[in-house]
Each structure stands twice: as C-alpha cells, then as structure tokens.
Amino acid sequence: MLDADLPLLSVRNLQKSFGATRVLRGVNFTVRAGQIHALLGGNGAGKSTMIRIMTGGIRKDDGEIMLGSQRGAEPKIAIVHQELALVQDLSVAENIAMVHATAGLTIVRAGQRAELAYNALALLDPHLARSALHRKAADLSMHEGQIVEIARALSIGADVLLLDEPTANLTAGETERLFAVLRRLVRETGIGIVFVSHRMKEIRQLCDVCTIIRDGLTVVDATPLDSLTDNDIMQQMGQPGAREVAHSRRRFDMAEAGLVLKGAEAVIPIHKGQILGLAGSPAGPSQVIALLNGTGRSSSWSLDAKGWPARPASPRDAVALGIGYVSGDRRHKGVLAQLPIVDNVLASRRVREKRYMVRASERRECLDLVHALKLKAGSIRDLPSTLSGGNQQKLLIARWLGMSLRLVVFEEPTRGVDIGTKRDIYDLIRRMAEEGTIVVWWSTENVELLELCDEILAFDTDGRVKGLLPHDRFNEDALADLTGMAA
Ligand SMILES: Nc1ncnc2c1ncn2[C@@H]1O[C@H](COP(=O)(O)OP(=O)(O)OP(=O)(O)O)[C@@H](O)[C@H]1O
Ligand SMILES: [Mg+2]
C-alpha cells in the first residue's frame, strides 16, 4: 500500500511545441497515491501530449518531470493510449504478455502467457477471457481491442495508471465494470490514476479531483470535483455551456419510406429524414451496418431500398449511391494516414464526383468544412497524425457534410469529441435529417441516442433485437433494460 497523497508523478512548467504550434506553455500537474484524477480540456488542449511526455513517448521542450521516490524505486507507470496500440499480428495472449516482458518483470513462457492473459482479462470480461486468448488482435472488434488494452495495462501492477479515453469504445455496462475494478485497485493498493474523458457523467462517477488545461496552461489544479459544477468545468475548458435543444418532432410521409430493413425478428421501415438509433453492444448493430454500407453480407438482415437503383456491393459503390459511412474504428477504417488532411476531408466528394484532377477551389472547400466543425489543425497540408484524437474524428464527419446523401451510417460519430463540439455534431446530424437524409446511428451512449433519434432499435448483448422504441416511449431506464446495460 502506498502512502496516501504521496506525489507519484508530477510535472512543473511543462512546455512543448510542434513546429509553430505551442501546445503546452507551462503546465503543472500532480498525480497522488490513492487518487483518481481527471485530466480535462477541449479537443487539442494537449492532454495526450502531456501523457506521452510523462511516459517518455515524446520529448518535452522544457519543464520538470518528477517521479515520487519515497519507496526508493521509481513508480511503475502503465498507460492506455487514446488510439489502440495492440500489435495486430500477435494474439491477445501475446499482446498482454508483451508488456510483462518489456517491463522486465519476468520472461514469460507460452503456458504462463495464457494464464497471465486469462487472469488479466477475466477481471474485466470473463467471456472474452475464455474465448479470445488465441485470436489475433487484428480480428478483434474495436470494442474488444479496447478491453484487451485496458486489461493489459492493469495487469503489470503499476503504481500509476494513465488512461487516455479508455471508455470511448465501451458500453455503459462495461464502463461500470471497469470503474468498479479501478476503484478497488485504488482502495486496496493505493495507486494513482489519471483518467481522460469527454463524458461528464463518467468523470463525476469515477474521479476525485480534476485538473483542467486550456491554451497550454493549467487553469484548474487538482481541485475536488464536488466543488465544481458542470458549468464551471465547461467554462474553464472554454466550452459553450449546455444549451437547450428544441427538438421538434417530425412527421414522416409514409409514402416516402426510403428503406425497409428485414430481419428474422423485425421488419423496420425507415423514412426519408428519419434518425434511427441502434443501441446496444456491437454484435447486433454491426450486422445492420455492414449491410447498409456495402462492407459485408448479413445472414440475419436483408434490405429493400425503394426507389434506389441497387444495394451497395462495395464501399465505393455505396458512395456512388449516396450512402455515407463514418466507421467507429477511425485508426484502421477511417483516417487515410498517408494522405494530408485536405485529401482526407475531400475523399468522398472526389469519389462521388469522379474528380480525377485536384481543383483550384478545393482549398476553400476544405477550409469551409474544417471551420464548420471547428477542426483544429496546423495546416490542411499536414498529415492526420498531427491532429488530436477528437480532431481526427471530426475529419471523418467533415467528409460527408453537405453531400446530399440518401443515407448516412454513423458508428459512434462523437467518439472522443469534446462537449462543445458534440453539440455541433448533433446539430449537423439533425440538419442532414432535415434535408431528407436517412440517418442510421449506432452509439454506446444511450443518452445521446435518446436526445436525437426518432426511433431506437435495441439489441441485447448477444446481438438479438429486443425492441423498437418509438419516440413517445423513450426512457433511459427502459433502454438500459433492453440493451442489458446499466443506465
Ligand atoms: N506530431 C504532431 N505534430 C504536430 N502537431 C501535433 C502533433 N501531435 C499533436 N499535435 C498538436 O498538439 C495539440 C494537442 O494535441 P493532443 O493530442 O495532446 O490533444 P488532446 O488534448 O489529447 O485532444 P483530444 O481530446 O482531441 O484527444 C493539437 O493541436 C495537435 O494538433
Ligand atoms: Mg487526446
């Protein structure tokens, strides 16, 4: 057990620039034993940069990093990166064992490896522990990958855990389970935890204190969360406060049914301009999504697209048909890592309009989209890897704005996006629907579905349809029940 309040890791006057961009201009931050510390700030504020500096991933320009030394040895630090960092070609067991080998703890033999990985995973997800040890990381869903990654970080017995948006891919039920494990770790071993998230509800559920960074400086330093209101926090982050959304119910012209989804358990007409939410863990929604976006066949669902020339046979075909898609896996299936931001933003327009030559007007076109989403970039000629996580997410959405789509399929479009920008994205989604686009939207955050959708199709954790909730029966508890998630 570590001494309570012992500073385990702190930075003083930390400074870092990328080229001409001064990201950190003198940040202070201290992680103490026995504390769960929220590190907050808008997209691009510098949270991931701080974490990477503290763990030696990138170099600071100036400032001090101090490691708590009361116990003699340096504290052991484990990190969950914002973007999944599993080795795709290795199995789950090998990925977990890997950090033990590199942490110099033991040389891990194959037999031990499986046991070690099983124990690590069983803590968070007993089912995954039984079924996934020998699967390749490349074959995991985003969601499973996230759990493996967290389990791996927890398993090395670190004194400090740095968790950079670990819950962005988790369902409410999984988040609950993770939080229970983290609280127990803090209580029983006195470790210190840093938690980065844009989900206010989670921050309040889990954390004791918060530090807020803004414009490269610490504006709130290790302050108890109890003493701050949500509005205080948003104000300090420079985010617009909560605003009331006038949600006018639309009436749908039944003659204008654009799509009919047919499954063994349900037949669902979706009308032009309708927002259909898909709730629940990914097993069920991913089948519907694969059918709609042309990436796969589904054994349990078929599609009647009235008045459309055809069903998409491939993603390229989908774009030509006026179907947009934002993948939940931005790293592997969204961002075009080798191409500059401008090409990423204009990608689907170029495919759809068969633009073979770069147009002179494209710069303006790209900048307009970048501004509409407050996408924070040094230059649109830079690579997407220079963007913060939330800003990479905005890149994927920008691709489909103003495209007059028939249908747009969103998987977790607000993943990692800060509170203020989430509001902007909701407005954009609503506007797309008002223009007649059918919106199909999967989210693990039930509350955001309830806020924006016209109907919600709920799946249980095994991927079975549990019900289609019409708007007048929207209710947080009812939806949590149907999806088998804690509210
Ligand atoms: N390698 C890089 N080259 C250039 N700029 C970079 C690089 N890495 C980060 N940046 C810039 O540094 C700023 C801070 O990025 P960082 O990823 O730390 O933000 P963040 O607070 O984690 O945001 P988010 O909530 O979106 O994850 C951003 O404006 C980003 O564009
Ligand atoms: Mg980040």
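Student: Buried means under 20% relative accessible area, exposed over 50% and partly exposed in between (1.4 Å probe, protein chains only). So is Ser 48 buried or exposed?

Tutor: Ser 48 is buried, at 18%. This is a predicted model, where local features need pLDDT of at least 70 and side-chain atom pairs pLDDT 80 or more, while totals for chains, interfaces and linings use all residues. Residues count from 1 along each chain as written, chains are lettered from A and ligands numbered from 1 in written order, and side-chain values use heavy atoms, without hydrogens or water.

Student: Thanks! Which protein donors does the magnesium ion have?

Tutor: Ser 48 (OG) and Gln 82 (OE1), 2.0 to 2.2 Å from the ion, which is ligand 2. Ser 48 sits in helix α1 (residues 47-54) and Gln 82 in the loop between β5 (77-80) and α2 (92-102), so the pair ties together parts 34 residues apart in sequence. Donors are N, O and S atoms within 2.8 Å of the metal (3.2 Å for Na, K and Ca); with water not among the atoms, sites may look incomplete. Helices (H or I, at least four residues) and strands (E, at least two) are DSSP runs, numbered from the N terminus.

Student: And Gln 82, buried or exposed?

Tutor: Buried, with a relative accessible area of 12%.

Student: Switching to ligand 1: what polar partners do its oxygen atoms have?

Tutor: Among them are side-chain N or O atoms of Gln 82 at 2.9 Å and Ser 388 at 2.7 Å, plus a polar backbone atom of Gly 390 at 2.8 Å.

Student: How much of ligand 1 does the protein bury?

Tutor: 86% of the 640 Å² that ligand 1 exposes when taken alone, by the Shrake-Rupley method with a 1.4 Å probe.

Methods: Polar contact = N/O pair within 3.5 Å; in protein donor to acceptor, adjacent residues only side chain to side chain.
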